[in-house]
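Visitor: I would like a close look at a single part of this model, taken slowly and with its surroundings included.

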Amino acid sequence: MNSVLVFGSSGQLGSCLKHITTKKGITNIIFPPEEQANILSIEMLTNLFEQYKPAYCINCAAYTAVDKAEDDVDMARKINRDGAENLAKLCAQFGTTLMHVSTDFVFAGNSTQPLLEDDIAEPINVYGLTKLEGEHAVIANLSEFYILRTSWLYSEYGNNFVKTMMRLGTEKDELKIIADQIGTPTYAIDLADCILDIIANDKQAYGIYHYSNEGVTSWYDFAMAIFDIAQIDVKVYPVRSSEYVTRAIRPAFSVMDKAKIKHNLGISIPYWRTSLEKCIAVLRAIN
């Protein structure tokens with residue numbers, strides 16, 4: 001495996017990539033510090049590409065504050081679209097394959113069947129729109145790319161739903177959790193493993209792929225599973241999205257079909273609850 005450059009290395013997915021590379025003893029993946037790897041700085045990017053001449057570039061950098069993005073459109077667009085475009089252009093210049101992480105939020109959420117990669121993307125919030133614009137920027141500037149759309153990301157790193165529920169479950173007597181948004185949780189460790197497997201296999205089957213854990217659930221059932229596995233006793237009430245108004249609208253249904261990534265790239269995908277059990281075991285060991 002030739003050198004690999006990772007951007008957004010301090011975020012949740014970047015932290016998972018660091019963990020796995022350390023665990024597996026992989027030494028040719030470079031995690032430049034954020035102050036030297038701003039994806040909005042062509043000068044910084046050029047310096048890094050000239051120094052390492054990477055075979056692969058993994059873009060984990062993103063503006064992911066979904067509600068905040070509704071009022072911070074310019075910054076969301078700069079990071080999610082312009083940053084992706086900058087990396088794509090550098091990758092094209094240096095003959096580098098780009099692994100770009102995207103989201104289920106590029107879809108409107110009005111489907112009743114698992115979403116395919118070539119289904120129409122119609123974002124219903126700024127975050128989803130700017131991530132879709134980032135996808136378009138990659139496709140327009142580069143032919144050797146993988147766009148990996150994922151969903152409901154969590155891990156033992158950063159801020160995420162699992163860690164929030166485990167905290168709130170011990171602080172409160174009861175919780176109200178949305179039950180009418182359907183999707184699939186994804187353990188970021190599994191996604192990081194998937195990315196490294198794609199690079200190691202080097203099949204050059206470029207394009208857009210969907211990756212989440214297997215299975216389907218709601219946020220309410222996800223929360224109930226967290227409390228069950230973590231043995232936290234708290235009353236949980238299901239509520240509709242209309243009862244829990246947020247600045248940004250979320251897709252009601254964003255389950256993604258993963259047949260393409262399994263068939264084209266030979267990726268095996270764990271069931272969401274199995275991966276959740278692994279994550280909670282780690283969190284409980286840490287705490």
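How many bridges join strand E3 to E4, and do they run parallel or antiparallel?

Guide: The model is predicted. Strand E3, residues 56–59, is joined to E4 by four bridges, and the two run parallel. One of the pairings across this border sets Ile 58 opposite Met 99 in E4.

E4 itself covers residues 97–103, and seven of its seven residues are buried. In a regular strand, side chains alternate between the two faces of the sheet. In E4, one side carries Thr 97, Met 99, Val 101 and Thr 103, and the other carries Leu 98, His 100 and Ser 102. Both faces are covered, as the residues on either side are all buried. Met 99, the bridge partner of Ile 58, is thus among the buried residues.

Strand E5, residues 145–150, is joined to E4 by six bridges, and this pair also runs parallel. Here His 100 has Ile 147 as its bridge partner in E5. The connection includes a helix: E4, helix H5 (residues 126–141) and E5 make a right-handed β-α-β unit.

E5 is in turn joined to E10 by four bridges, again in parallel, with Arg 149 partnered by His 210 in E10. Taken as a whole, the sheet is open and has six strands in the order E2-E1-E3-E4-E5-E10, with parallel pairing. Strand E2 (29–30) and strand E10 (207–210) stand at the edges with a single partner strand each, so each has one side without a neighbour in the sheet. E4 sits between E3 and E5 in that order.

Towards the E2 end of the order, helix H2 (residues 42–52) lies across E1 (4–7), E2 and E3, and runs at about 160° to E1. In the E10 part, Tyr 209 has Lys 260 over its face, 4.7 Å from the ring centre.

What follows E5 leads to the aromatic residues. The structure holds 14 aromatic pairs. In one of them, the rings of Trp 152 and Trp 219 have centres 3.7 Å apart and planes at 15°, so the pair is stacked. Trp 152 lies in the loop between E5 and strand E6 (153–154), and Trp 219 lies in helix H8 (residues 219–230), so the pair ties together parts 67 residues apart in sequence. Both Trp 152 and Trp 219 are buried. Ring pairs link these two with Tyr 154, Phe 161, Tyr 187, Phe 222, Tyr 271 and Trp 272 into a cluster.

Key
Residues numbered from 1 in each chain as written. Predicted model: local features only at pLDDT ≥ 70, side-chain atom pairs only at ≥ 80, totals over all residues. Heavy atoms only, no water. Buried < 20%, exposed > 50% of the residue type's maximum accessible area, 1.4 Å probe, protein only. Pairing = 2+ DSSP bridges. Right-handed = clockwise from strand over helix to strand, strands pointing away. Contact = heavy atoms within 4.5 Å. Axes fitted to C-alpha atoms, helices over the stretch in contact; angles between N-to-C directions. Phe/Tyr/Trp six-rings, centres within 6.5 Å; stacked < 30°, edge-to-face > 60°. Lys NZ or Arg CZ within 6 Å of the ring centre and 35° of its normal.
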